[in-house]
Amino acid sequence: MSGKRISRRAALGAAAVTIGGIGSGAIARQLLGAQAPAPLVPSVPDDATKVPGLPSGPLGVRSRFENPTLAPSGVATGASFTPLQDLTGTITPSDLHFQRHHNGIATIDPGKYELLIHGMAERPRVFTLQDLRRFPSVTRTCFIECSGNGRAAFRDPKPDMSPQLVDGLTSNTEWTGVMVSTLLREVGARNGATWVLAEGGDAAVLSRSIPIAKMRDDAMIAFAQNGEPLREANGYPARLVLPGYEGNMCVKWLRRLELVDQPNMSRDETSKYTDPLPGGIARQFSFVMDAKSLITSPAFPSRLSGPGWWQIRGIAWTGRGRIVRVEVSTDGGRTWVQAGLQGPVLSMAHTRFELPWKWNGAATRIMSRAYDETGYVQPSVDTFRKVRGRGTDFHFNAVRSWRIERDGRVLFDG
Amino acid sequence: MGASFLMDRTTSGQRPADRVAFHAAVICMLVFLFACGESPRTEPGPGGGDKGMSAGTPLPESFGLGAAPSAQRVSALDIDVNAAGTGLPDGSGTYAQGAVVYGQKCALCHGAKGEGNAAFPRLIGIEHRQDFAFSDDPKLQKTIGNYWPYATTLYDYINRAMPFSTPGSLRPAEVYSLVAFLLSENAVVSRSVVMDRESLPRVVMPARSHFKPDDRTGGSSFR
């Protein structure tokens with residue numbers, strides 16, 4: 001995009017005040033005098049070395065040339081998809097973390113927030129947010145993926161699906177919080193407590209049962225996300241984070257943990273978040289997210305401008321530990337080449353892979369498949385469909401393909 | 001109380017010889033980690049909170065944080081009902097009462113006959129109850145009658161999350177009556193059944209036997 005084109009667009013914006021040739025916000029404010037404050041969108045200088053730059057402001061903002069947004073969907077209880085094609089590295093910017101809620105985003109006053117831990121506990125306790133922050137804290141990077149991620153791409157693939165619409169219900173974050181094990185120690189879990197019911201303080205009062213072994217192992221109650229308090233849509237002021245487990249269990253706006261001796265059989269662990277399988281089976285408590293990968297570039301809507309060297313880039317992740325290998329095929333799955341993994345490769349976290357590729361200009365299909373440290377291999381679409389059935393409802397981790405057209409267009413190919 | 005206990009342990013609780021041995025162990029561990037090319041940063045794992053502490057500060061038995069909740073506070077929040085019926089309140093409801101409540105508070109979203117729409121799920125229907133062919137075709141609609149494995153879930157969910165625009169506003173008698181209505185419309189119980197804390201947990205849902213626990217294990221198998 002040329003600077004001139006942007007300049008013209010900014011000038012046309014009704015709310016924008018264009019101050020051609022004036023680079024200093026202070027001078028601009030002086031000239032504007034007592035006028036009502038309007039967003040200052042100075043034109044882009046032809047040569048940024050010849051005019052002073054903008055003054056520093058109270059918040060860093062994205063370049064005007066970058067406009068990544070979530071893609072909200074649904075009517076009453078929708079989801080908002082992360083723009084995976086716009087991201088590099090592994091961390092998902094907090095405002096682009098995917099969102100899924102079941103009756104809106106709760107607004108909770110942190111001064112009134114309380115977490116009750118009770119049930120089969122020697123010392124039931126109610127903790128304020130301040131209490132939670134006073135415990136030893138842990139910082140850990142891991143992904144959270146909705147187990148419905150990839151449903152539309154599997155059931156109804158369309159050429160104009162971007163990585164965002166294919167698999168945008170996964171995000172990767174540096175979480176900070178208190179380990180649930182620390183709190184269980186504090187309240188004294190009784191023998192016989194085998195499950196923990198986690199409940200949110202949102203309008204859905206969402207509830208899920210979690211095996212106490214997971215809670216003792218690596219579950220945390222996060223109050224921070226990428227170095228600052230959680231975003232409201234991600235569970236402010238505190239949420240559960242269960243590394244490697246499906247997102248629905250990572251209960252947001254967490255208000256209560258009850259230690260119990262059996263799963264509750266709540267709506268979201270029975271009628272939803274269960275997997276219909278061939279043979280008249282509904283698989284229940286399928287918590288772990290299996291290995292998966294997705295090429296995010298080149299991918300729709302980007303276009304290869306011509307033959308030559310390109311980088312095939314994407315992300316891979318698994319709820320069972322580390323990604324150990326990602327293979328890429330550039331000939332529709334006939335041959336596979338090992339891609340490079342960008343370190344550090346973290347357990348249960350998005351892992352970036354990359355493979356240099358010299359495109360000869362012919363039409364072809366590119367795809368990726370992930371291997372995790374348990375020896376698991378991401379299945380092909382055919383295998384997935386055969387084993388799980390066309391109507392299966394969650395955990396869609398089959399290999400995804402992109403079709404490269406001779407004119408350089410890149411289309412989703414299921 | 002917690003703080004004084006902590007001080008106890010860190011100042012006089014450890015004998016000097018213990019401390020020397022402990023520091024030696026920490027240094028050995030760090031050398032080992034560097035030698036392996038791993039970052040010495042602690043990673044959460046089993047008991048990760050303990051590992052998150054700075055080296056050399058043993059955890060106290062209790063941090064003494066938080067307060068004992070009052071019984072009223074617990075009962076106000078402890079709204080869940082489990083599959084055994086634990087948590088069900090006093091009260092009861094009938095099909096006839098439920099039909100009225102449904103018409104007033106549910107039909108707007110879920111349809112007069114529980115048929116649902118694009119935004120709100122279908123509630124009533126018994127197709128594929130027998131063949132349970134849901135994995136064959138994504139268009140097959142899962143309902144209370146053909147897919148829900150536990151009747152108690154109805155009480156728990158309606159009570160906590162419905163109606164969508166005024167969640168948590170129903171009285172126990174209204175919830176019981178809606179459960180009676182929906183179970184009867186789904187041909188699970190007869191219209192004469194009175195729903196209460198005794199009868200509801202005894203209802204066996206048709207889909208119950210189809211539910212199996214996760215059998216995936218990672219490794220080379222794909223299930």
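In chain A of this predicted model, an open sheet is built from 5 strands, arranged in the order 5-4-13-8-9 with mixed pairing. Strand 5 (125–128) and strand 9 (207–211) of chain A lie at the edges; each has a single partner strand, so one side of each is left without a neighbour in the sheet. On average, and with direction ignored, neighbouring strands of this sheet are turned by 20 degrees against each other. Within the sheet, strand 4 (residues 114–119) and strand 13 (residues 254–260) of chain A run parallel and are joined by 4 bridges. Opposite A:Leu116 stands A:Arg256, in strand 13 of chain A.

Strand pairing also links the two chains. Strand 15 (residues 281–284) of chain A pairs with strand 3 of chain B in the parallel sense, over 3 bridges, and A:Ala282 has B:Phe211 of strand 3 of chain B as its bridge partner.

The wider interface brings 59 residues of chain B into contact with 66 residues of chain A. On the side of chain B that touches chain A, two or more residues each come from helix 3 (48–51), helix 4 (71–77), helix 7 (152–161) and strand 3 (211–213) of chain B. Helix 7 of chain B gives the most, with 6 residues. By class, this side of chain B has 30 nonpolar, 15 polar and 14 charged residues.

Chain B also contains a helix pair. The axes of helix 5 (residues 95–105) and helix 8 (residues 172–185) of chain B come within 7 Å and cross at roughly 100 degrees; the two helices of chain B are therefore roughly perpendicular to each other. Residues of this contact include B:Tyr95 and B:Val101 of helix 5 of chain B, and B:Leu178 and B:Phe181 of helix 8 of chain B. The contact residues divide into 7 nonpolar, 4 polar and 1 charged.

Technical notes. Residues numbered from 1 in each chain as written. Chains lettered and ligands numbered in written order. Predicted model: local features only at pLDDT ≥ 70, side-chain atom pairs only at ≥ 80, totals over all residues. Pairing = 2+ DSSP bridges. Axes fitted to C-alpha atoms, helices over the stretch in contact; angles between N-to-C directions. Parallel < 35°, antiparallel > 145°, perpendicular 65-115°, else oblique. Contact = placed C-beta atoms within 7 Å. Nonpolar A, V, L, I, M, F, W, Y, C, P; charged D, E, K, R; others polar.
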